[in-house]
Amino acid sequence: MTDLSFVCTGVRSDPYAAGPTLLFRLRITATGVERVHAIALRCQIRIEPARRGYGRDEGTALTDLFGERDRWGSSLNPLQFAQVSVVVPGFTGETEVDLPVPCTGDLDIAATRYFHALEDGEAPLRLLFSGTVFAGPAGFHVTPVPWDKEAQLRMPVTVWREMTETHFPGCGWLRLPRETLAALLAFRSRRALPSWEAAVEALLAEARRGEPPPPPRPFARPAATRTATTSAAPDPAAPERTAP
């Protein structure tokens, strides 16, 4: 049986991909002199948020994912980032291969929201491997990649930002249901607005106009009031007058 070991030597953005894509560089080592004809490799990538610290602003941005800081002792659980596969060409001894990982800018995805919240530093990742090995000196025999094969990587946050800026320069990505998108398109057409940005800004402006006025300041000086004079109340002890 061919024994394999995996090391992730780095990660970079793919500037030529049709969509946001990260390339993880894998070094695969096979023990012995037996030739590996191919590997049908599967890889599950997880984020392990408990393996780094977070600044105040980062902690605020991560509240939706992990709750308040006083709960982080039990809530900083691993997040699923990606599950991808690649065919490793034949080799003897050792080889290196790129593992393409398609990404998204959708902030409804927990992994995207996590990366978006980080200001600097590195994101701790764990790569878990499985798959099928085709190896042998004559012909080949088929063996599974053991489930305990894994590798770790601390991905620089700058790599994620470079990838997103390449495909969404200066922008974010928002996913909407078809009905909401159709209503927004109709609003844009009625107002003859030139872009989606203008349509959203117009809606925000209307929402601000509909907001209630701010409450008065608690120590504001009260406005001057005029005191009205009133006639004195009748004395209950005075004798009652009757008409003649």
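Colleague: Which residues of S5 form its covered face?
Modeller: Keep in mind that this is a predicted model, where local features need pLDDT of at least 70, side-chain atom pairs count only at pLDDT 80 or more, and totals for chains, interfaces and linings use all residues. Numbering starts from 1 along each chain as its sequence is written, and side-chain values use heavy atoms, with hydrogens and water left out. Glu94, Glu96, Asp98, Pro100 and Pro102 sit on the uncovered face of S5. That leaves the covered face to Thr95, Val97, Leu99 and Val101.

Colleague: In what order do the three strands of the open sheet come?
Modeller: Strands here are DSSP runs (E, at least two residues; helices are H or I, at least four), numbered from the N terminus, and two of them pair if DSSP finds at least two bridges between them. The edges are S1 (4–13) and S5 (94–102), each pairing on one side only. The pairing is antiparallel, and the order is S1-S2-S5.

Colleague: Which S2 residue is the bridge partner of Val11?
Modeller: S1 and S2 (residues 21–30) run antiparallel, with nine bridges joining them. On the other side, S2 pairs with S5 over nine bridges, also antiparallel, and there Ile28 stands opposite Thr95. Back on the S1 side, the S2 partner of Val11 is Phe24.

Colleague: What angle does the direction of H5 make with that of S1?
Modeller: H5 packs on the sheet and touches both S1 and S2, a contact being heavy atoms within 4.5 Å. Axes are lines fitted to C-alpha atoms, for helices over the stretch in contact, and angles run from 0 to 180 degrees between N-to-C directions. For H5 and S1, that gives about 55°.

Colleague: Which residue forms a salt bridge with Arg12?
Modeller: A salt bridge needs a side-chain nitrogen of Lys or Arg within 4 Å of a carboxyl oxygen of Asp or Glu. In this pair the closest N and O atoms are 3.0 Å apart, and the link runs from S1 to S5, across 86 residues. Arg12's partner is Asp98.

Colleague: And which residues share one salt-bridge network with Arg12?
Modeller: Glu96 in S5 bridges to Arg27 in S2, at 3.1 Å between the closest N and O atoms. Those two are 69 residues apart in the chain. Through shared partners, Arg12 is joined into one network with Arg25, Arg27, Glu96 and Asp98.

Colleague: Is Lys149, in the salt bridge with Asp3, buried or exposed?
Modeller: Lys149 lies in the loop between S7 (141–144) and S8 (150–156) and Asp3 in the segment before S1, so their salt bridge ties together parts 146 residues apart in sequence. Asp3 is partly exposed at 36% relative accessibility. The cut-offs are under 20% for buried and over 50% for exposed, with partly exposed in between (1.4 Å probe, protein chains only). With a relative accessible area of 16%, Lys149 is buried.

Colleague: Which residues make the nonpolar surface patch of about 480 Å²?
Modeller: One member is Leu174, from the loop between H5 (157–167) and H6 (178–191), and it counts as exposed at 69% relative accessibility. Patch members have over 30% relative accessible area and no salt bridge, with nonpolar side chains (Val, Leu, Ile, Met, Phe, Trp, Tyr) joined within 5 Å and like charges within 9 Å. Areas are Shrake-Rupley values with a 1.4 Å probe, and for residues only the protein chains shown count as cover. The patch is made by Leu174, Leu176, Leu181, Leu185 and Trp196.
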